[in-house]
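Got the viewer open? Here is a short walk through the model, one selection at a time.

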Amino acid sequence: MKQQLETIRLEALQALDAVKDAAELDALRVRFLGKKGELTAVLKSMGKLSAEERPVMGQIANNVRAAIEEKIESTRAALSARALEVRLKAEAIDVTIPGEPVQLGHRHPMNKALDEAKDIFISMGFKVLEGPEVELADYNFTRLNIAENHPSRDRSDTFYVTDDESVLLRTQTSPMQIRAMEQIKTPPIRVLAPGRVYRKDEVDATHSPMFHQIEGLVIDKGITMADLKGTLETLIKAMYGPDSVIRFRPHHFPFTEPSCEVDVQCFKCRGVGCPTCKGEGWIELLGAGMVHPVVLENCGIDPNVYSGFAFGIGLERMAMRRFKISDMRMIFENDIRFLSQF
Ligand code: DAH
């Protein structure tokens, strides 16, 4: 029996040395150590041995089993190490192959113009606020002193989100005036609120159903129209150059009193009149005015103590003037050949 056990050990170890894959390894494990395996068969016949021989043979059998098990484990480890090596080799990347050039995007001229404007206003002590594009009609219209029957509330002009017309896509950034006053509560308030706005307009060279505005709001004691004028002049001269000329025209907005529109002299013809300014010599840039006392009251600010000014700039328009772009559609097409010119 001892001889038998030694033969099993020898055969098993030799066979394991020649194993090439996990399947072969498993087959050998079954052949030698399995329930119907060779070693098990020998162990089963130990009953026939004498009482003195049995522990001696048992000891030898255990040694053989241990040797085979150990060999199986080390073979398994060697196999998996080899498999990993093969896989790594197969998956190796040839770093010497020239890469495909990645086409980089480009900063959008509108974002460039916005960043310039933000810098200018931040240097004047303004804080930048952001707010929701899905807005309450209460903020977009009512609390801005816009009457219930005002044409801008019409379904043909405004994208309503709910049937009862209480929720909409904001048509202007002016509701941010209300949100700023609610948030900051006690003046001084100096905020800039850029963002997207939506109106039911057909796309053409100067219109898009989605565009951007920059809202500005300043409230403090003793704020006058002169502060508005100085602030906007600072913006325009910083953006368009120190010799650029602006003019203030009377206008009407429900949320400001008095209200005005601000034009910049045409950069092409310097006020003479040309196709770019449609013969006017001036290009409209923004709406502005002194915050209406009713709007202040609607936000819990006493108009007898505080006054303020507000303005709303068309960002596309500002970027178009800044970079001399003639068609607004170019701004939204995102053609990299166009964008990379700025
Ligand atoms: N919200 C106005 C518009 O979309 C622009 C505007 C005018 C904003 C006067 C203001 C303002 O803050 O004071 O046409």
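Which residues of helix 10 are buried? Keep in mind that this is a predicted model, then select residues 315–323, which make up helix 10. The buried ones are Leu315, Glu316, Met318, Ala319, Met320, Arg321 and Phe323. That is 7 of the 9 residues in helix 10, so the helix is largely enclosed by the rest of the structure.

What covers them? Turn on helix 5, strand 5 (210–220) and helix 8 (225–240), which are among the elements covering the buried residues of helix 10. Then add strand 8 (282–291), strand 9 (307–314) and helix 11 (328–333), which also belong to that cover. Before leaving the end of helix 10, click on lysine 324, which follows the helix and has a positive phi, near 55 degrees.

Next, hide everything except helix 5 (residues 109–123) and helix 10. Their axes are 9 Å apart and the packing angle is about 95 degrees. Anything from 65 to 115 degrees counts as roughly perpendicular, and helix 5 and helix 10 therefore fall in that class. For the contact itself, show side chains on Pro109, Met110, Lys112, Ala113, Leu114, Glu116 and Ala117 of helix 5. On the helix 10 side, pick Leu315, Glu316, Met318, Ala319, Arg322 and Phe323. Color by class and you should find 9 nonpolar residues, 4 charged ones and no polar ones in this contact.

Now over to the ligand. How many residues surround the ligand? There are 15, and the closest are Gln172, Ser174, Arg199, Gln213 and Glu215. Zoom in on three contacts:

- Glutamine 172 puts a polar side-chain atom 2.7 Å from a ligand nitrogen.
- Glutamate 215 has a polar side-chain atom 2.6 Å from an oxygen atom of the ligand.
- Phenylalanine 311 takes part through its backbone, with an N or O atom 3.2 Å from a ligand oxygen.

Last stop: select valine 161, in the loop between helix 6 (137–140) and strand 3 (167–169). Is valine 161 buried, exposed or partly exposed? Its relative accessibility is 48%, so valine 161 counts as partly exposed; the exposed class starts over 50%. Leaving out residues up to four places away in sequence, valine 161 touches Val134, Val167, Leu168 and Leu169. To finish, draw a distance from the C-alpha of valine 161 to that of glutamate 135: the two are 26 residues apart along the chain, and the separation is 9.1 Å.

Definitions and conventions:
Residues numbered from 1 in each chain as written. Predicted model: local features only at pLDDT ≥ 70, side-chain atom pairs only at ≥ 80, totals over all residues. Heavy atoms only, no water. Helix = DSSP H or I, 4+ residues; strand = E, 2+ residues; numbered from the N terminus. Buried < 20%, exposed > 50% of the residue type's maximum accessible area, 1.4 Å probe, protein only. Contact = heavy atoms within 4.5 Å. Axes fitted to C-alpha atoms, helices over the stretch in contact; angles between N-to-C directions. Parallel < 35°, antiparallel > 145°, perpendicular 65-115°, else oblique. Nonpolar A, V, L, I, M, F, W, Y, C, P; charged D, E, K, R; others polar. Near = heavy atom within 4 Å. Polar contact = N/O pair within 3.5 Å; in protein donor to acceptor, adjacent residues only side chain to side chain.
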